Amino acid sequence: RMYGFTTLVEMYESWSSSKYLDKITVPLLTLNAADDPIIAPLCADIPINLACHQEKKIHVQTQCGGHLGLYKGGIIIPEGLSWMDTTLVEWFNAVLSLSKPEDSDDSDVWYSDDVSSD
């Protein structure tokens, strides 16, 4: 018994944002690592089913990466940016480039191919 819930499933169902996902109408990218120790296996199918059954939804799942943003580099001293950070920047740039009018200037939008952590 934890936080007033009698089962783990009850806690996940209560706290899960999955009940709101079908209300999202803008492009959505979900990222997950299969070896995430925090996300229970019963929750793993939620973003996959969402991406399979709704437009503008994409799910990316890696075999490994853990829970904290899929860090790159060494285990003790990881790089400043995670795989999640760089993937999200690429995703936002792609979505923005698709929705950008042909004749607009780029002064109000940040586009970059360089997402290094210099």
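**Reading the labels on a predicted chain**

Author: This is a predicted model, and the mean pLDDT of the chain (pLDDT is the predictor's confidence in each residue, from 0 to 100) is 76, with 73% of its residues at 70 or more. Local features need pLDDT of at least 70, and side-chain atom pairs count only at pLDDT 80 or more, while totals for chains, interfaces and linings use all residues. Residues are numbered from 1 along each chain as its sequence is written, and side-chain values use heavy atoms, leaving out hydrogens and water.

Reader: What makes K23 and D22 a salt bridge?

Author: A salt bridge asks for a side-chain nitrogen of Lys or Arg within 4 Å of a carboxyl oxygen of Asp or Glu. The side chains of K23 and D22 meet at 3.9 Å, N to O, so the pair satisfies that limit. The structure holds one salt bridge.

Reader: Why is K23 called exposed and D22 partly exposed?

Author: Buried means under 20% relative accessible area, exposed over 50%, and partly exposed in between (1.4 Å probe, protein chains only). K23 has 58%, so K23 is exposed. D22 has 48%, and therefore D22 is partly exposed.

Reader: Why is the aromatic pair of Y3 and W15 called tilted?

Author: Happy to explain! Rings of Phe, Tyr and Trp (its six-membered ring) pair if their centres lie within 6.5 Å; planes under 30 degrees apart count as stacked, over 60 as edge-to-face and the rest as tilted. The search of the whole structure finds two aromatic pairs. For Y3 and W15, the centres are 5.4 Å apart and the planes make an angle of 55°, so the rings pair and the label is tilted. Y3 lies in the segment before helix 1 (8-15) and W15 in helix 1, 12 residues apart. Helices here are DSSP runs (H or I, at least four residues), numbered from the N terminus.

Reader: What makes the pair of F5 and W15 edge-to-face?

Author: Here the planes stand at 90°, with 5.6 Å centre to centre, so this pair takes the edge-to-face label. F5 is in the segment before helix 1, 10 residues from W15. Together, Y3, F5 and W15 form one aromatic cluster.

Reader: Which of Y3, F5 and W15 are buried, and which exposed?

Author: F5 is at 13% relative accessible area, so F5 is buried. Y3 is at 63% and therefore exposed, and W15, at 52%, is exposed as well.

Note on methods. Helix = DSSP H or I, 4+ residues; strand = E, 2+ residues; numbered from the N terminus.
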